[in-house]
Amino acid sequence: MYEARVLSGMRPTGSLHLGHYHGVLKNWARLQAEYTCLFFVADWHALTTDYEAPGEIPKNTWDMVIDWLAAGIDPNQAILFIQSQVIEHAELHLLLSMMAPLGWLERVPTYKDQQEKLSNKDLSTYGFLGYPLLQSADILIYRAKYVPVGEDQVPHVEFTREIARRFNHLYGREPGFEEKAKAAVKKMGSKKARLLNDLRKKFLEQGEAEALGRAQALLDEQQNLSRGDRERLYGWLEGTGKKILVEPDVLLTEASKMPGLDGQKMSKSYGNTIALREDPAEVARKIKTMPTDPARVKRSDRGTPEKCPVWSLHLVYSDEAKKKWAHEGCTTAGIGCLECKQPVIEAIQAELAPIRERAQAYLDDPTLVKNIVADGCEKAKKLAEETMRDVREAMGLTYT
Ligand code: TRP
Ligand code: SF4
């Protein structure tokens, strides 16, 4: 089976918190069992906004990778690497910049939004305008089929699809394309070749999208096709040229339901987080000092759980019986707030204990992390080089 690749990146923000864990990392851990996953630290992307003070980036990178590993991202299943250590990303970014229309970049909604939001920084730079294009290079260089990201990143993946389409349109017209495609179909054996031809006709002549889907699935199952032939046939099925770059799809990551200590979304900028490597005493302290329903001034005052951020945590961590206990206890003043918080403290401690333990092993021996990342960079580089060979050839940049 031709393996679909999944790719995602994170800017190096340093230590991660429970919001990242429930939102992103558990999702990555699920995906790694099912697909060939590539997860990387987008350190160049961090430079687009922090170019004046890049000093924190390396430490933030290592802290973040340790948290990935501690949270269950498994280097035996997924490829973990650092963007700047696979320099082919920069070459693809440069080559794509030749054909990326300026207007497309200026119209990416995050461009103006972020410039306004981060108005304390001068972001009228070439690098910042190119942010989505660098992201396109990250994705396209691995021919990733799926990109798990949150809502805010959807425009960047859309942009990437358009760049891939434009690239394939400009450079996918190799001489003798039809003949090469037909020769590739033959390699599938006469029965499958006939089926593929029929499905292609149904799509091209009658516009049956389902036929295209079935034809693509047929290609995915075919073992004996070279990558080049596969790209040709993908394009041929749709009546276009060779598909050198793959148009990726978003795998939308549901917004994290993890509430912060104040009931707002958990986020570093709100200062309401519990870090994955938070000290147990600090975890307990943070929850014990959490605000509760302001109506419960005295122990005998009844409360409304829906007005209390601790209740939001029960919704994440407690089973039905516990939730019932807390809800009833609150509305009848049967329990006090500290009592109500206790099961939440215990649940978070239980969740964090194994994470903290795994992180400690990496903190004790940083070479473990370095080796994992070096190995991941090497694997990623191999895949990136394959694509770059095809890209250079398609753009006429081969001199040997
Ligand atoms: N821009 C993404 C973010 O801010 C990070 C990122 C960079 C990324 N390159 C990527 C995400 C490629 C997915 C795929 O979160
Ligand atoms: Fe919040 Fe629980 Fe106190 Fe009710 S009893 S206000 S839900 S902490």
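How far does a polar side-chain atom of Tyr131 lie from a nitrogen atom of ligand 1? In this model, which is a predicted one, the distance between those two atoms comes to 2.8 Å. Two further side chains can be described in a similar way: an N or O atom of Gln135 is 3.0 Å from a nitrogen atom of ligand 1, and for an N or O atom in the side chain of Gln153 the distance to a ligand nitrogen is 2.9 Å. Ligand 1 taken alone would expose 360 Å², of which the protein buries 93%.

Let me now widen the view to the whole shell. There are 14 residues around ligand 1, and those that come nearest are Arg11, Tyr131, Gln135, Asp138 and Gln153. Sorted by class, the shell has seven nonpolar residues, five polar ones and two charged ones. If you follow the chain, you will find that strand S1 (5-10), helix H8 (131-140) and strand S4 (146-149) each supply at least two residues of this shell, and that the largest share, four residues, comes from H8.

Next, please look at the chain as a whole, which is divided into domain 1 (5-172 + 248-257 + 366-394), domain 2 (177-237) and domain 3 (277-363). I would like to stay with domain 1 and domain 3, whose C-alpha centres lie 35 Å apart, and whose contact takes 16 residues from domain 1 and twelve residues from domain 3.

The size of an interface is often given as the accessible area lost when the parts come together. Here domain 1 and domain 3 bury about 1,100 Å² between them, with 62% of that on carbon and sulfur atoms. On the domain 1 side, Leu18, Ile66 and Ala70 supply 40% of the area buried against domain 3, which is more than any other three residues supply.

Methods. Residues numbered from 1 in each chain as written. Chains lettered and ligands numbered in written order. Predicted model: local features only at pLDDT ≥ 70, side-chain atom pairs only at ≥ 80, totals over all residues. Heavy atoms only, no water. Near = heavy atom within 4 Å. Polar contact = N/O pair within 3.5 Å; in protein donor to acceptor, adjacent residues only side chain to side chain. Areas by Shrake-Rupley, 256 points an atom, 1.4 Å probe, with all protein chains shown as cover. Nonpolar A, V, L, I, M, F, W, Y, C, P; charged D, E, K, R; others polar. Domains from an automatic or database assignment. Contact = heavy atoms within 4.5 Å. Buried area = accessible area lost by both parts, 1.4 Å probe.
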